[in-house]
Amino acid sequence: MELQSASTRLRSLATFGGRGNGSSELPGRRRVGTVDPRAIRLVGGIGAVFLVAEAFTLVSGPAVGVLAQAVLLITLLTLSMRQGAGGHQRLTLALALLPLVQLLSLALPAAIIPILAWYLEIGLGAFEAILLVMRRLDLTFRDVGVRRAPIGEVVAVGVIGAFLAVPAYLIAGPVNLGQGGGFVGLAIASAIVIVFIGVLEELLFRGLIQSAGTQLLSRGGVVVSVAATTLMYSASLNPRYIVFAALVATFFGIVARRSGSIAAPVAGHAALAWVQFIVLPMILP
Amino acid sequence: MTSTVTRLAIDSLAQTPGQALASPAPALVVAILIVVFLARLLLEVADVSRSRDTVRTLDVVLLPMLIALAFILSTRVLEILPLG
């Protein structure tokens, strides 16, 4: 029993690349620190295709965008099915979530419902997709970085995230989420923003994608997660905000890699989103 | 703006119920859902190796899109009801 839990712990550390990992002790497993050249070609190819699909989406609008993202999604799913079980399949399937989230974010928004409900609708689908990918790949929550982290680190990154909300708000401007008034409306809006922005995006980008990238590319996993975040934020249509998102993603990616947990990035991202979308619109005009 | 709610989506929103009903993006999602659903059904009855893995891979797309379908239908009802 003890042996089994130690083996599980080593496996999860190897895939996420946390501090003090012992992956090199595992026989027959890729040492953290080595880079698989085939993985570089795989990531480069997927990145190029995703870039084209995103360009179609931005230039031609949602209808063409949905088609382009659907083609990319089907391509990635087919590719993942052709690959045997292992790091390449894990990375391909993790990256397939990006066009899926894009599809949902292009098709679900409607003027008749408040923006806050959009987060709920898209987020529920995205959370379900993440859980299904984990089921398909037999991943545990520990494998995607859901584990304890030093409380000091979590608090520190949370505070930094709250401060980062100020430039984010100034760059992106106010967004009316359409939440109800009063304490209940504020509480519901806060919960949705924290769960469907902070937790969801970190679980997707740092938890699933970065851990898959780290398994094949070592430190390149951070680059993969930053590139994925930047591409997804490109639909904000604001170059300054895209650069800001890339820098914040780099910070969160490095924190996640150092600690081997997504707890601190979740705290930082949740604080950033909560202050940007809920607190600052009430304080600043 | 975030990775899920984007300026692109806000800028291209349908402004009237008629435009919303005619907007192609949700219709395309429903079409993709139907294709994936049919493929899953065929794979379930097909006697091929690795079909279980393939079905579980298709579930990654199918189940979130079923949620999307529920939201799309409920939104359309919300848009149509005031017209009646």
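Let me start with the loop between α8 and α9 (239–259) of chain A, where L237(A) lies, and please keep in mind throughout that this is a predicted model. The phi of L237(A) is near 60°, which is a positive value in a residue other than glycine, and with 15 C-beta neighbours inside 10 Å this leucine counts as partly exposed.

A second residue belongs in this part of the talk, namely D138(A), which sits in the loop between α5 (115–136) and α6 (151–172) of chain A. Its phi is near 55°, again positive and again not in a glycine; is D138(A) buried or exposed? D138(A) counts as exposed, because it has 9 C-beta neighbours inside 10 Å, and the cut-off for that class is 12 or fewer.

Let me turn to helix α2 of chain A, residues 37–60, whose 24 residues should span 34 Å at 1.5 Å a residue, and whose end C-alpha atoms are 35 Å apart, so the expected and modelled values agree. The helix is followed by G61(A), where phi is positive as well, near 95°. Along α2(A) the buried residues are A39(A), L42(A), V43(A), I46(A), F50(A), A53(A), E54(A) and T57(A), and these pack against α3 (62–82), α4 (87–107), α7 and α8 (220–233) of chain A. As a reminder, an α-helix has 3.6 residues a turn, so residues three or four places apart point the same way.

Now to the nonpolar core, the largest of which has 106 residues, with L97(A), A107(A), V133(A) and L208(A) having the most contacts inside it. Which helix gives the largest share of this core? That is α7 of chain A, residues 182–217, which supplies 16 residues. If we take L208(A) and leave aside its neighbours within four places in sequence, its contacts are A94(A), L97(A), I130(A), V133(A), V144(A) and L203(A).

Finally, the two chains together: 35 residues of chain B are in contact with 50 residues of chain A. On the chain B side, the elements that give two or more residues are α1 (7–11), α3 (24–45) and α4 (51–80), and α4(B) gives the most, with 15 residues. By character, that side of chain B divides into 22 nonpolar, nine polar and four charged residues.

As to confidence, the predictor gives the complex an ipTM of 0.93 and a pTM of 0.89, while chain B has a mean pLDDT of 88, with 98% of its residues reaching 70 or more.

Notes
Residues numbered from 1 in each chain as written. Chains lettered and ligands numbered in written order. Predicted model: local features only at pLDDT ≥ 70, side-chain atom pairs only at ≥ 80, totals over all residues. Contact = placed C-beta atoms within 7 Å. Helix = DSSP H or I, 4+ residues; strand = E, 2+ residues; numbered from the N terminus. Nonpolar A, V, L, I, M, F, W, Y, C, P; charged D, E, K, R; others polar. Core = buried A, V, L, I, M, F, W, Y, C linked by C-beta atoms within 7 Å. Buried ≥ 20, exposed ≤ 12 C-beta atoms within 10 Å, placed from the backbone. pLDDT = per-residue confidence, 0-100. Expected span 1.5 Å × (residues − 1).
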